[in-house]
Amino acid sequence: MLNPKQKEYLKKHLITRLNESLGKAQGTLSDISDIRSRFPDEIDAASFASDMGLTLRIRERESRLIKKIRDALERLEDGTFGFCEECGEEIPYKRLMARPVTTFCIHCKKEQEAGEKVKGDLHRVVDYLVQ
């Protein structure tokens with residue numbers, strides 16, 4: 001069980017990460033909003049739009065992280081933080097330090113990833129056979 005000091009440390013860490021991610025998201029919105037004023041030339045605007053597409057994909061990943069951080073903060077508040085959602089066992093503090101948004105112990109995470117790999121392999125075989 002996490003002690004109060006560990007919980008407080010993880011909470012501060014999560015809040016810091018959340019604020020960083022929200023700042024990045026706000027910066028992206030600002031960049032997008034004034035695209036026409038910065039690039040009257042169509043070629044420059046097209047180049048910027050291409051770069052912005054990549055940036056938006058990165059920010060999409062960031063937005064998923066923001067949700068995971070918010071969920072972790074909620075779990076800290078309601079007392080469910082640090083327990084595997086699959087087996088219910090306590091997630092070791094070292095794992096929480098490395099990945100504070102995790103909801104799985106390492107054993108269950110490995111099983112989940114193995115299952116996803118099998119599903120992906122199966123989809124590739126089916127796709128190959130259908131062609």
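The exercises below, each with a worked solution, concern a predicted model of one protein chain.

**Exercise 1. Describe the secondary structure of the protein chain, and state which element has the lowest mean pLDDT and which the highest.**

Solution. Begin with the count of elements: the protein chain holds five helices and zero strands, and read from the N terminus their order is α-α-α-α-α. Next, turn to confidence, where the mean pLDDT of the chain is 84 and 87% of the residues reach 70 or more. Then go through the elements one by one: helix α2, residues 35-38, has the lowest mean pLDDT, at 58, while helix α4, residues 93-98, has the highest, at 95. As a caution for reading such a model, predicted coordinates should not be read in detail where pLDDT is low.

**Exercise 2. Characterise the chain as a whole by its burial, its contacts and its accessible surface.**

Solution. Of the 131 residues in the protein chain, 25% are buried. For the contacts, take those with a separation of 6 or more, of which 57% join residues 24 or more positions apart. Finally, the accessible surface comes to about 9700 Å², and carbon and sulfur atoms account for 56% of that surface.

**Exercise 3. Determine how many cavities of 30 Å³ or more the structure has, and what lines the largest cavity.**

Solution. The principle comes first: rolling a probe the size of a water molecule over the atoms shows where empty space is left. Applied to the whole structure, the search finds one cavity of 30 Å³ or more, and the volume of the largest cavity is about 40 Å³. Its lining is made up of Met 1, Leu 2, Lys 7, Phe 81, Gly 82, Phe 83, Glu 90, Ile 91 and Leu 96. Sorted by class, this lining has six nonpolar residues, one polar residue and two charged residues.

**Exercise 4. Analyse the lining of the largest pocket, by class and by the element that supplies the largest share.**

Solution. The largest pocket encloses about 220 Å³ of space. Its lining includes Arg 64, Lys 67, Lys 68, Asp 71 and Arg 75, and also Arg 95, Thr 103 and Lys 109. By class, eight of the lining residues are charged, two are polar and two are nonpolar. Helix α3, residues 42-78, supplies the largest share, namely five residues.

**Exercise 5. Decide whether Arg 95 and Thr 103, two residues of the pocket lining, are buried or exposed, and list their contacts beyond four places in sequence.**

Solution. Take Arg 95, which is found in helix α4. Its relative accessibility is 18%, and since buried means under 20%, Arg 95 counts as buried. Beyond its neighbours within four places in sequence, Arg 95 is in contact with Thr 102, Phe 104, Cys 105, Ile 106 and Lys 109. For one of these partners, Ile 106, the sequence separation from Arg 95 is eleven residues and the C-alpha to C-alpha distance is 7.8 Å.

Now take Thr 103, placed in the loop between α4 and α5. With a relative accessible area of 19%, Thr 103 also falls under the 20% cut-off and is therefore buried. Leaving out neighbours within four places in sequence, its contacts are Arg 75, Phe 83, Cys 84, Glu 85 and Ile 91.

**Exercise 6. Classify Arg 17 by its accessibility, and find its contacts beyond four places in sequence.**

Solution. Arg 17 lies in helix α1, residues 4-33. Because its relative accessible area of 32% falls between the cut-offs of 20% and 50%, Arg 17 is partly exposed. Once neighbours within four places in sequence are set aside, Arg 17 is in contact with Leu 65 and Ile 69. The C-alpha atoms of Arg 17 and Ile 69 are separated by 7.8 Å, although the two residues are 52 residues apart along the chain.

How values were computed. Residues numbered from 1 in each chain as written. Predicted model: local features only at pLDDT ≥ 70, side-chain atom pairs only at ≥ 80, totals over all residues. Heavy atoms only, no water. 1 Å grid on protein atoms, 1.4 Å probe; cavity = no way out; pocket = protein on both sides within 12 Å on 5 of 7 lines; lining within 4 Å. Points joined across faces, edges and corners; volume = space filled by probe spheres on them. Nonpolar A, V, L, I, M, F, W, Y, C, P; charged D, E, K, R; others polar. pLDDT = per-residue confidence, 0-100. Helix = DSSP H or I, 4+ residues; strand = E, 2+ residues; numbered from the N terminus. Buried < 20%, exposed > 50% of the residue type's maximum accessible area, 1.4 Å probe, protein only. Contact = heavy atoms within 4.5 Å. Areas by Shrake-Rupley, 256 points an atom, 1.4 Å probe, with all protein chains shown as cover.
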